[in-house]
Amino acid sequence: MQFLCKEYRDGNPRVRSLVAETRIHLVPALNPDGYELAREAGSELGNWALGHWTEEGYDLFENFPDLASALWAAEERKLVPHKFPNHHIPIPEHYLAEDATVSHSPGAWQQGGARERVAHGTLSPLQVAVETRAVMAWMDKNPFVLGANLQGGEKLVSYPFDTAQPVKEVPADAPGSLDDYEDNPELQETPDHAIFRWLAISYASAHLTMTETFRGGCHTQDMTNAMGIVQGAKWHPRAGSMNDFSYLHTNCLELSIYLGCDKFPHESELQQEWENNKEALLTFMEQVHRGIKGLVTDQQGEPIANATIVVGGINHNVLTGSAGDYWRILNPGEYRVWARAEGFNPSVKTCTVLYDIGATQCNFVLSRSNWK
């Protein structure tokens, strides 16, 4: 924050452009209780686990509703997308109750009406932390497009899915070994897998040392194939992560960035850690301006909120905001894009995304439908 303010005041054109064209939200600590515990112990006496949990004993990163398992179960039952959405999946009603508990691995889903109950078994339930509730409300209030949670103790970028999809029963006469099926990446990839990899690489490649993995990882062997990036489900599978929740419940693409091997670096090391990550942080933030953006309006120019933006070939949609505006991060290429809204005829056009930073404007005007 200090860097952005100083560089903006000093006239740095790159920072001025970033600040002027981007709504930047910074959260100093998602887990202030844990931070205080770690700070009191200091870098010499602290350990990797210290400060990871809240004062009540919750791991916030695994305290969100497991929407990925719900989506996969619905897909198996052929409910997606007509009876179960592939985006903005609602938070289960029981999760919003005052005394709500969360059960994972992989968890349970309850939704009335056409969306049937899909259950996979549970473990001992945990309470929903007050911090988790606050973050979910914050995500619902703000139309975030790109996000990162900054952590320590490793040096890599992790992207969704974090949840590992259960391996289906393998026929005895199936070709290959059981390991071939268990390691199949298609079981866990998001529809935006290529885009998530682009975002992760944009950070790792700009970091001063993240791709220097010739000595292995921070604590074990290198899990990133010398790229500094890894899919969460392949590295540290967990259900109910903030990244998976953000992707399936909002428009936001969120990743986990592990800044360095030392989870609590000494004060004398902070300047070098900042230099290691400074360019990467700026580059990552600039990626929010890659892809397409625009307005969806009716023929009188009135904005249409909650219109659905569909990108051909990517089975994950986004919604317009209250002002009819939308943003969709995409890799360079040519895309067929549809805008749809209840009570309106859909509209489709071809939108081209270039390699240079700067989202392509792709507006839609929808006409009223005669269907009641």
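Is Ile 24 buried, partly exposed or exposed? With a relative accessible area of 31%, Ile 24 turns out to be partly exposed (buried means under 20% relative accessible area, exposed over 50%, and partly exposed in between, with a 1.4 Å probe and protein chains only). This is a predicted model, so local features need pLDDT of at least 70 and side-chain atom pairs count only at pLDDT 80 or more, while totals for chains, interfaces and linings use all residues. Residues are numbered from 1 along each chain as its sequence is written, and side-chain values use heavy atoms, with hydrogens and water left out.

Here is the overall picture. The protein chain holds eleven helices and 16 strands (helices, H or I with at least four residues, and strands, E with at least two, are DSSP runs numbered from the N terminus). It has 372 residues, and 45% of them count as buried. Its accessible surface adds up to about 19,700 Å², with 51% belonging to carbon and sulfur atoms (accessible areas come from the Shrake-Rupley method with a 1.4 Å probe, and for residues only the protein chains shown count as cover). Take the contacts between residues at least 6 apart in sequence: 71% of these join residues at least 24 apart (contact means heavy atoms within 4.5 Å).

Back to Ile 24, which sits in the loop between helix H2 (13-21) and H3. Together with Met 1, Tyr 8, Val 19 and Leu 26, Ile 24 makes a nonpolar surface patch of about 440 Å². Patches are made of residues with over 30% relative accessible area and no salt bridge; like charges are joined within 9 Å, and nonpolar side chains (Val, Leu, Ile, Met, Phe, Trp, Tyr) within 5 Å.

Now for the sheets. One of them is open and has four strands in the order S5-S8-S6-S7, with mixed pairing (two strands pair if DSSP finds at least two bridges between them). Strand S5 (146-151) and strand S7 (229-231) are its edges, each pairing on one side only. From one strand to the next, the twist averages 25° (axes are lines fitted to C-alpha atoms, for helices over the stretch in contact, and angles run from 0 to 180 degrees between N-to-C directions). Inside this sheet, strand S6 (residues 154-159) runs antiparallel to strand S8 (residues 253-260), and five bridges join the two. Ser 158 has Ser 256 in S8 as its bridge partner. Helix H10 (residues 242-249) lies across S5, S6 and S8, at about 155° to S8.

A second open sheet of four strands follows the order S11-S10-S13-S14, and its pairing is antiparallel. Strand S11 (318-319) and strand S14 (347-353) form the edges, each with pairing on one side only. Seven bridges connect strand S13 (residues 333-340) to S14 in the antiparallel sense, and Glu 334 is partnered with Thr 352 in S14.

Strand S12 pairs with strand S9 (residues 292-298), again antiparallel, over four bridges. Opposite Trp 327 in S12 stands Lys 293. The side chains along S12 take turns: Tyr 326 and Arg 328 point to one face and are buried, whereas Asp 325 and Trp 327 point to the other and are not.

What about charged pairs? The whole structure contains six salt bridges (each is a side-chain nitrogen of Lys or Arg within 4 Å of a carboxyl oxygen of Asp or Glu). Arg 328 joins Asp 192 in one of them, with the closest N and O atoms 3.0 Å apart. This pair links distant parts of the chain, since Arg 328 is in strand S12 (residues 325-328) and Asp 192 is in the loop between helix H7 (178-182) and helix H8 (193-206), 136 residues apart. Arg 328 is buried because its relative accessible area is 3%, and Asp 192 is buried too, with 1%.

Arg 238 and Glu 62 form another salt bridge, with 3.9 Å between the closest N and O atoms. Arg 238 lies in the loop between helix H9 (232-235) and H10, and Glu 62 in the loop between helix H3 (32-45) and helix H4 (67-76), so the pair ties together parts that are 176 residues apart in sequence. Arg 238 counts as buried at 9% relative accessibility, while Glu 62 counts as partly exposed at 27%.

Lys 6 and Asp 10 also meet in a salt bridge through their side chains (2.8 Å, N to O). Lys 6 is partly exposed at 41% relative accessibility, and Asp 10 is partly exposed at 49%. Finally, a network of salt bridges links Arg 14, Glu 279 and Glu 286.
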